Amino acid sequence: MFARQLDSLTPKGHLRPCFATPSDVHPDLTEDMFRKALEYARDSTTVLDNGFLAPTARGTFMYHISIAEIRELMAEKGWKSENVTNLPYTISPDGSVKITVATGSASTGVNGGFGPKLKEKGKTPSVVDGQMTLFDPDNYVVDQQEGKLWYLVFYVDYCHQEIRMELSKPHFDENNQVGGWIKRIIMNPIPLQNVQISLPPDEDIPTINISPIEPSEPDVAVR
């Protein structure tokens with residue numbers, strides 16, 4: 001019994017309640033919206049790949065494109081964009097929820113365990129033991145207490161040819177690091193390659209022969 005209780009805890013001992021869908025976080029958030037953003041980022045990155053990209057380029061392109069696409073989709077619902085210390089947010093109209101994007105590890109989108117570890121992105125406020133500070137030090141306590149910040153974490157798995165994603169609420173440690181996850185919403189994976197749907201052949205369409213119509217009177221030249 002004690003072992004089962006341990007399985008339900010994060011590294012810091014926080015209970016990990018089960019949230020069924022992103023709409024449990026905010027009514028404007030849906031799995032379809034996140035899928036649409038990541039599918040757009042996947043397809044756009046494929047177009048940019050000329051076969052000579054650096055190994056990490058695809059993940060970097062997907063990260064930036066997915067942020068822009070989520071922001072554009074949520075702007076239609078009145079959400080606002082904000083950048084704080086190199087961390088891009090998308091904020092709900094009532095200010096109750098902030099969404100940011102991060103690339104994770106192989107445990108992203110997988111039930112069980114402690115959840116994904118986040119990868120470093122660009123210049124950040126501080127780096128401790130190789131882990132990135134992923135929040136504004138001046139504001140993180142307030143946001144953590146109010147439960148505003150959620151991460152869309154995604155991982156490109158080339159072995160299984162899929163993109164896994166989850167919407168998760170972070171727990172910050174004493175160094176302002178993401179030390180674990182309080183809540184995780186696991187979403188369905190996305191195929192790494194765009195799926196081509198084969199449609200059945202159309203039914204035979206009868207051929208219609210149209211005979212030219214002879215003019216009743218000869219053309220008269222206009223002078």
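**Note on the predicted model**

1. Of the 223 residues of the protein, 40% count as buried. The model is predicted, and the values below are computed from it. The accessible surface comes to about 13800 Å², with 54% of that area belonging to carbon and sulfur atoms.

2. Secondary structure. The protein has four helices and nine strands. Read along the sequence, their order is α-α-α-β-β-β-β-β-α-β-β-β-β. For contacts between residues at least 6 apart in sequence, 59% join residues at least 24 apart.

3. Helix α2. This helix covers residues 31–48, which is 18 residues. From its first C-alpha to its last it reaches 26 Å, close to the 26 Å expected at 1.5 Å a residue. The buried residues of α2 are M33, F34, R35, A37, L38, A41, R42, S44 and T45. As for the spacing of such a list, an α-helix has 3.6 residues a turn, so residues three or four places apart point the same way. The buried residues of α2 pack against helix α3 (57–75) and against strands β3, β6, β7 (162–172) and β9 (190–191).

4. The aromatic pair. A search of the whole structure finds one aromatic pair. Its members are Y151 and W181, arranged edge-to-face, with 5.8 Å centre to centre and 85 degrees between the planes. Y151 lies in strand β6 (residues 149–157) and W181 in strand β8 (residues 178–186), so the pair ties together parts that are 30 residues apart in sequence. Both rings belong to buried residues: Y151 has a relative accessibility of 0%, and W181 has a relative accessible area of 2%.

5. V97 and its surroundings. V97 is found in the loop between β2 (87–91) and β3 (98–103). Is this loop residue buried or exposed? V97 counts as buried because its relative accessibility is 4%, under the 20% cut-off. Leaving aside neighbours within four places in sequence, V97 is in contact with V25, H26, L29, W79, T90, I91, S92, K148 and W150. One of these partners, H26, is 71 residues from V97 along the chain, yet the C-alpha atoms of the two are separated by 7.3 Å.

6. A charge over a ring. Strand β3 (98–103) follows the loop that holds V97. The charged end of K98 sits over the ring of Y89, 4.7 Å from the ring centre.

How values were computed:
Residues are numbered from 1 along each chain as its sequence is written. This is a predicted model: local features need pLDDT of at least 70, side-chain atom pairs count only at pLDDT 80 or more; totals for chains, interfaces and linings use all residues. Side-chain values use heavy atoms; hydrogens and water are left out. Rings of Phe, Tyr and Trp (its six-membered ring) pair if their centres lie within 6.5 Å; planes under 30 degrees apart count as stacked, over 60 as edge-to-face and the rest as tilted. Helices (H or I, at least four residues) and strands (E, at least two) are DSSP runs, numbered from the N terminus. Buried means under 20% relative accessible area, exposed over 50%, partly exposed in between (1.4 Å probe, protein chains only). A charge sits over a ring if NZ of Lys or CZ of Arg is within 6 Å of the ring centre and within 35 degrees of the ring normal. Contact means heavy atoms within 4.5 Å. Accessible areas come from the Shrake-Rupley method with a 1.4 Å probe; for residues, only the protein chains shown count as cover. The expected span of a helix is 1.5 Å times one less than its number of residues.
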